[in-house]
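User: Could you take a close look at how the two chains meet, and then walk me through whatever in the backbone deserves a second glance?

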Amino acid sequence: MILKKTKQGQIHITETIAVLFIFFVLLFFGLVFYYKYVDVSAKEQLAENLERRAVDSTTRFIFLPEVQCTQRELPPFPYCLDLLKLSAFKDVLSGDALDEYYFHLFSFAKITVQEVYPDPARSWVVYDKPKIDYSNKKVTYFSAALEDASVSGGAEPVVHFGYVVMEVYS
Amino acid sequence: MNRIFSQRGQLDLPFNWIYVLLAGGVILLFFVGVVVKQKDVATQQLGTDINQILSSIATAAAAAESTKVVVETSGLADDVLYFECRNAQTEYGIKGKGSPVTDPIIPLFAPAEINSRELLLWSLPYLLPYKVTDFLYITAPTIQYILVGNDARVQEFLKESKSGQQEKFVLSVAKTDDLSSFSPQKGKQSFRIIDYTGLAVQSGGIVPVGLQSLEDRQVSAVTFNSGAATFFVKKGTVWQSEGSTPLFSLGGDLDAVYYAAVFSGHKEMFECGMQKAFQRLKYVSDVYEKKGLALENSPGAQEGNCPVLFSGLPGLLLAHHGDSTLCSEFYPENCVSLVQKSGEIRSLNQQLFSANCPPLY
């Protein structure tokens, strides 16, 4: 009788342990699945934010009074950059202005203006603040007319064609 | 023996149920905890997302010059958007939800709080004499602007209160010659009096009877007089002055500085936004100083009467840059000469245009 009772008790304990074990295994899988889901969502959110930042930064740069053509538009090109202002702005950024002010506008990014016509060898790295240990990078391109008032005679500037390369890091 | 077994069975059954209930309760509590936490995170995330979207809208609206944008915010009808500006930093967002947006760049002028199903965004360029930045004004159809006077700016404001392109962009504007008998439009949450005469609203003066019963925060005023704006808040039934501040502007149509004073909820908001503009001017004037030097040496500047005209430009731009730097550090005390220098640069630029020389801007 005593032997029978002990056996029944052992079966009960084993049953309880088995149930608890399965419960914790399921809980563990549930938690792993949940954290995986949260991790993926966070990464997607970060990628989305980076894309938004790239678009915002490009918009900001194209309309920046420091580089925008003073006529604003140069038909047929709706977006225009002034090369004299661009060079001057590049010089301004080589001082403290980048960290003091423009970092709030562009954060970790690299902005290059590339001429396509007539001289594709010409390009200007206007803003360069790389993030050494970046986890993600997004590049966007935006075409623009490039006005050069330094090479012409009279009030009419020479118009070149190029594009802006905006690289943002996170 | 049978009796003993039966008693044990009676004990076993409740024990199992208690165990199941306890375990079930713990599991339920765990998942309820996860759901509550998730809901809290989602609410905060939604607030942050909306603030980020607002920031993107503000960026786009400020970038595109002279734009009028309507933003549907019916989903936020129960929330209050707040705007603050201190030490050249604007902070805005949904009250009590998410992380607010901090912006040290865009000069943003808005009332302290907005609770509306629509936001009206308007941007105008600030010229001194070249474009410095775009001012962004944020308001709502729930705010009524009461214009006093017969100034040309009154007519301009009435005309600009509607947009040709954006049908939904309609500012609530009313013109009155007699403020004391003015009765406010029903359904509006706040009222702002714009006194172009500089006489209708005085410190210690009586608030119009129709507005006296409203809460103090719902009524404010600004008066324009001799190139300065004076801001007023309602204290019971009388006006209390927040003080005057000079308006540094070249005048002309659609004067961004006047509209900045109109749309700023308080003097602090206006001065803070202007401070941001002058910080920007410091760098923009540096760019133009360098451009002026490059232009002076360009082939176009060597023809006809251009060398004579260009000879005075670098000195003028250098002085303007110096004034801008001083003004950005000691606003508004050291900003007086900015307007005069800007006028001189504008005049010289017009001469460059007339003489067929490459203009500065």
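**Where chain A meets chain B**

Analyst: Happy to! In this predicted model, chain A brings 26 residues to the contact and chain B brings 31 residues. On the side of chain A that touches chain B, α1 (2–62), α2 (83–93) and α3 (97–106) each provide at least two residues. The largest share there, six residues, belongs to α2(A). By character, that side of chain A splits into 12 nonpolar, seven polar and seven charged residues.

Now for the interior. The largest nonpolar core holds 116 residues, and those touching the most other members are A:L81, B:F109, B:L136, B:A260 and B:A261. Helix α5 (residues 267–296) of chain B gives this core its largest share, 12 residues. In soluble globular proteins, nonpolar side chains tend to be buried together.

On to the backbone of chain B. Most residues other than glycine have a negative phi, and most peptide bonds are trans. Against that background, B:L128 and B:P129 are joined by a cis peptide bond with omega about -15°, and B:P129 sits in the loop between β7 (118–127) and β8 (131–139) of chain B. Another cis bond links B:Y331 to B:P332, with omega about 0°; B:P332 is in the loop between α7 (313–329) and α8 (336–354) of chain B.

Two residues that are not glycine have positive phi values: B:A88, near 60°, and B:N356, about 60°. B:A88 belongs to the loop between β2 (81–86) and β3 (89–94) of chain B, and it counts as partly exposed because it has 19 C-beta neighbours inside 10 Å. B:N356 falls in the segment after α8 of chain B; with 16 other C-beta atoms within 10 Å, B:N356 is partly exposed.

Note on methods. Residues numbered from 1 in each chain as written. Chains lettered and ligands numbered in written order. Predicted model: local features only at pLDDT ≥ 70, side-chain atom pairs only at ≥ 80, totals over all residues. Contact = placed C-beta atoms within 7 Å. Helix = DSSP H or I, 4+ residues; strand = E, 2+ residues; numbered from the N terminus. Nonpolar A, V, L, I, M, F, W, Y, C, P; charged D, E, K, R; others polar. Core = buried A, V, L, I, M, F, W, Y, C linked by C-beta atoms within 7 Å. Buried ≥ 20, exposed ≤ 12 C-beta atoms within 10 Å, placed from the backbone.
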